[in-house]
Amino acid sequence: MNENEVKVFCPATVANISCGFDVLGVALDAVGDEMTVRKVTEKGIKITKLSGQDLPKETLNNVAGVAGNAFLLAADYEGGFEIEINKKIKPGSGIGSSAASSAGAVWAMNHLLDYPFNNTDLVKFAMEGERLASDVAHADNVAPALFGGFTLVRSYSPLDIITIPAPSELYITIIHPQIEIKTSDSRKILKTTISMETGIKQWGNVGGLIAGLFKEDYALIGRSLEDHIVEPIRSILIPGFDEVKKTALSAGALGSGISGSGPSIFAFSKGKETAIKVGDAMKLVYDKIDIAYEIHVSKINTDGVRPL
């Protein structure tokens, strides 16, 4: 085994989970990037190979390079790292493409240096990659990518991340219409203030969702997947959104919503068989309006980034 090199799986993630804008996220098992990271004597971060997507290899223009630099600045290490990235998550898909690369890079570096940092430290470094990608250093994708399962960002200052148990039969169906919505653009259209009435509805659902996850109460999970703040605005950017959501519920989904900033749409189901049926139903909507799509059915990834 080469102690100077590691290959890792970097999971896609669903952020916000309807009611938890910028604070809730969950890691997927069925789709993710692959990265190889190696220790070198030359100081700094160098991206030596990038396949799968047309993205910049320059260190300061790539989220993995920026996150890696943040790690190096804090690490007691005189050398550097080379990174190879096989991008399987499309940028602008709404399932944490930039987070997967950022989280994968810092996890692998930490592994190669025998774990000088904890996961919360790694989230801070990975958030710098998110800052490059979306102009905001949010943690709702990188936290589940590093911790695994469901995570709640209780506080950003100081950073406080809570892991939430995943019910054993919970599955996620993702449909990704082949259009791109940049996170930075989709943030610009959001309102910066809400009414007290709207806030009460929203934090009731956040509390209900977390209680449902802890209690494995699938019905409570489903009825808590309501977003009164972001979804009404962002859904306008996603063709067929209302129809997909209605169709998913009719096919047996517990609930559904926008994955991250979109255009992907997620649905939670109890059991893999139902999750597959929900995916088949979602497909019909985009077949009808003639928009190409990708579909993923996934169990919850409770490990986060892991070695391959």
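## Reading features in a predicted model

Student: In which helix is Gly279 found?

Tutor: Gly279 is found in helix H10, which covers residues 272-288. Please keep in mind throughout that the model is predicted.

Student: Is Gly279 buried or exposed?

Tutor: The general idea is to look at the relative accessible area and to call a residue buried when that value is under 20%. Gly279 has a relative accessible area of 1%, and therefore it counts as buried. You can also ask how sequence and space compare for a pair of residues: Gly279 and Gly240 are 39 residues apart along the chain, and their C-alpha atoms are separated by 14 Å.

Student: Could we try the same reading on a residue with a polar side chain contact, and which residue does Asn205 contact?

Tutor: Asn205 lies in helix H6, and the side chains of Asn205 and Glu226 are joined by a polar contact of 3.5 Å. With a relative accessible area of 9%, Asn205 is buried too.

Student: How should I read the length of a helix such as H3, and how many residues does it have?

Tutor: One way is to set the distance between the end C-alpha atoms beside the span expected at 1.5 Å a residue. Helix H3, residues 119-134, has 16 residues and reaches 22 Å from its first C-alpha to its last, which is close to the expected 22 Å.

Student: Which residues of H3 are buried?

Tutor: They are Leu122, Val123, Phe125, Ala126, Met127, Gly129, Glu130 and Ser134.

Student: What is to be seen at the two ends of H3, beginning with the residue that caps its N-terminal end?

Tutor: The N-terminal end of H3 is capped by Asn118, where a side-chain oxygen lies 3.1 Å from the backbone nitrogen of Thr120. Just after H3, on the other hand, comes Asp135, which takes a positive phi of about 75 degrees.

Student: Why would a positive phi be worth pointing out?

Tutor: Because most residues other than glycine have a negative phi, a positive value is something to look for, and in a similar way most peptide bonds are trans. In this structure, Asp22 is not a glycine and yet has a positive phi of about 70 degrees. Asp22 lies in the loop between strand S1 (5-15) and strand S2 (24-40), and with a relative accessible area of 13% it is buried. Tyr115 is another residue other than glycine with a positive phi, near 60 degrees. Its place is the loop between helix H2 (97-112) and H3, and at 42% relative accessibility Tyr115 counts as partly exposed.

Student: You spoke of peptide bonds as well, so which residue is joined to Ser157 by a cis peptide bond?

Tutor: Ser157 is joined to Pro158 by a cis peptide bond, with omega at about 0 degrees, and Pro158 is found in the loop between strand S5 (150-156) and strand S6 (159-164). The peptide bond from Gly262 to Pro263 is likewise cis, with omega near 5 degrees, and Pro263 has its place in the loop between strand S8 (255-258) and strand S9 (265-270).

Student: How does one find empty space in a model?

Tutor: Rolling a probe the size of a water molecule over the atoms shows where empty space is left. A search of the whole structure finds one cavity of 30 Å³ or more, and about 60 Å³ of space lies in the largest cavity.

Student: Which residues line the largest cavity?

Tutor: Its lining is made by Asn16, Ser18, Phe21, Asp227, Val230, Glu231, Ile258 and Gly260. When they are sorted by class, three are nonpolar, three are polar and two are charged.

Student: And what is the volume of the second largest pocket?

Tutor: The second largest pocket has a volume of about 220 Å³. It is lined by 13 residues, of which Phe21, Ile194, Gln202, Ile229 and Val230 are the closest to its centre. Helix H6 (residues 196-215) gives the most to this lining, with four residues, and by class the lining has nine nonpolar, three polar and one charged residues.

Student: Finally, how do I read a domain record, and which residues does UniProt list for "domain: GHMP kinase N-terminal"?

Tutor: A record gives a range, and one can then describe the chain over that range. For "domain: GHMP kinase N-terminal", the unreviewed UniProt entry lists residues 73-149, over which the chain is 52% helix and 9% strand, with the end C-alpha atoms 28 Å apart. The UniProt annotation "domain: GHMP kinase C-terminal", also from an unreviewed entry, covers residues 210-286. Over residues 210-286 the chain is 55% helix and 13% strand, and its end C-alpha atoms are 31 Å apart.

Conventions
Residues numbered from 1 in each chain as written. Predicted model: local features only at pLDDT ≥ 70, side-chain atom pairs only at ≥ 80, totals over all residues. Heavy atoms only, no water. Expected span 1.5 Å × (residues − 1). Buried < 20%, exposed > 50% of the residue type's maximum accessible area, 1.4 Å probe, protein only. Polar contact = N/O pair within 3.5 Å; in protein donor to acceptor, adjacent residues only side chain to side chain. UniProt positions renumbered as here; feature names shortened; annotations may be inferred. 1 Å grid on protein atoms, 1.4 Å probe; cavity = no way out; pocket = protein on both sides within 12 Å on 5 of 7 lines; lining within 4 Å. Points joined across faces, edges and corners; volume = space filled by probe spheres on them. Nonpolar A, V, L, I, M, F, W, Y, C, P; charged D, E, K, R; others polar.
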